[in-house]
Amino acid sequence: MPEPWIALYDGPDEAADALRSLDELGIEGVRLISPAAYPAVHMTGRPGPWRLMSWLALIGGFLGLATAIALEVGSSVAHPFDVGGKPVVAWIPYGVVMFELTMLGAGVTSFCSLIVLAFLSRLRVPKAARRAVAGDRLAIVLPAIAGERSDAVCAALAGASAQEGAP
Amino acid sequence: MWDIFAVCCYVTISALFLYMGMIPDLALLSRKVRGWRRALYRALSLGFSGTDAEWNLLDRAYPIFAGVAIPLAVSVHSVVSWDFAMTMIPGWHSTIFAPYFVAGAIFSGLAMAIVLLAMLRRAYRLERYIRADHFDVMAKLLLAMSIVMSFVYVTEFLTAIVRGSPAERAVFIWRATGRYALVYWLVILCNCLIPLLALSRRVRRNLRWMIVISVAVLVGMWFERFMFVVTSLAHHYDPFSWGAYLPTLPEVLICLAGFGWFGALFLVFIKVFPSLSVTETLQGGHEDVPATNMEAAHA
């Protein structure tokens, strides 16, 4: 499998120019590595499994809610104290714990899914490209281009004042 | 049960939110520093590389976390207020307590943020990043919260006087005229009157004035909690149990230790971790925002 191409840039504007040029050439599978969330980060078509996060948070919220119900009802049934004839399973006072654990479940699941999905998305970017980025520089990573278009792509990358290129 | 779940959930989510925002900074710093900090930052950055997919995930995670944390903040302060409101003690048994506590938390939290930001700005020479505009906006919010607090004070006082039980009425009148009247009027001065100075744009953009107002609010909010805990317990239904409370030396020392712990942990945190978001600063620096002068503050 051919090595991917990596171009390094000192500033986000140069990287953004290069991304625009690559887009005009119709190059697909371009990825960007950036130390900050510059606007250029959003020029690669929002790759990655970010859409999953909301669904995972929702599932985590429901799991938290189910845990709260099980905890509250289970503890009340296991230790049924009769207080003036009031019902042992009292839903209104349970509301607070149900709400808190729903939110906790959604939050913790979001965080865990962020870590796991970020790890999985990193696997799609070559390690060499991630290592090439140091300090404040940005890197554009794209699949190796062969044939006539390679010159045009090199020109697009270099025209945007790339500091280095590989291979 | 309520308190344990509310406080623990709030602490957990707040800590995760703070940590999540720091991950890109830690990843960036791990490539710039050496020694034990490098190992620490690398471990805590969880392998974040700054790929576009990771930034997209962070962009998605922020609103989810904000959507979880804000209702939790409201709920935790409401739950704490219900601990008081569900008792039958005059001065506490009130339906306004939940919004009262939520507004009070925002009010005092904002004042604390202003004081800490002013100190950080001065100590680390962050004038370029923490600008007069920021203090101006925070001062407006502080002013708005002060008006909300004033409304709450007037509402609970009038409700007790006009529609309250005799015991409720007696407590509120006693607060304003009795043994702790000085505390009551100090609270009104610090929380309702002094923040009105922020109506002036010149005051809002003056760092020293903002510190004075914020410290006054912090003092006022501390004494407000003292006022409603002590006065209600010192003057409730049974006149035989009426009395006065003065803190003992151990209580004063425990209170001071609380301030000390907070200060020490805060200082350790800003010593080890970035006090300002590095990646957001890079982003802001890219836009090249000009620094503005804070009038008189560093004259």
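Let me start with a definition: when I say helix or strand today, I mean a DSSP run, with at least four residues for a helix and at least two for a strand. Please also keep in mind that what you see above is a predicted model.

Let's begin with chain A. By that definition, chain A has five helices and four strands. What order do they come in from the N terminus on? The pattern is β-α-β-α-α-α-β-α-β, so put a finger on the N terminus and try following along.

Now, how is chain A laid out in space? Its C-alpha atoms fill a box of roughly 85 × 30 × 25 Å along the principal axes. The radius of gyration of chain A is 25 Å, whereas a compact globule of 167 residues would come out near 15 Å. As for burial, 38% of the 167 residues in chain A count as buried. And if we take the contacts in chain A between residues at least 6 apart in sequence, 79% of them join residues at least 24 apart.

On to chain B. How many helices and strands are there in chain B? There are eleven helices and zero strands. Reading along the sequence of chain B, you simply get α-α-α-α-α-α-α-α-α-α-α.

The C-alpha atoms of chain B take up a box of roughly 70 × 50 × 40 Å, again along the principal axes. Chain B has 299 residues, and 32% of them are buried. Among its contacts between residues at least 6 apart in sequence, 74% link residues at least 24 apart.

So, to recap: chain A mixes five helices with four strands, while chain B has eleven helices and zero strands. Thanks for listening!

Methods:
Residues numbered from 1 in each chain as written. Chains lettered and ligands numbered in written order. Predicted model: local features only at pLDDT ≥ 70, side-chain atom pairs only at ≥ 80, totals over all residues. Rg over C-alpha atoms; globule rule 2.2 N^0.38 Å. Buried ≥ 20, exposed ≤ 12 C-beta atoms within 10 Å, placed from the backbone. Contact = placed C-beta atoms within 7 Å.
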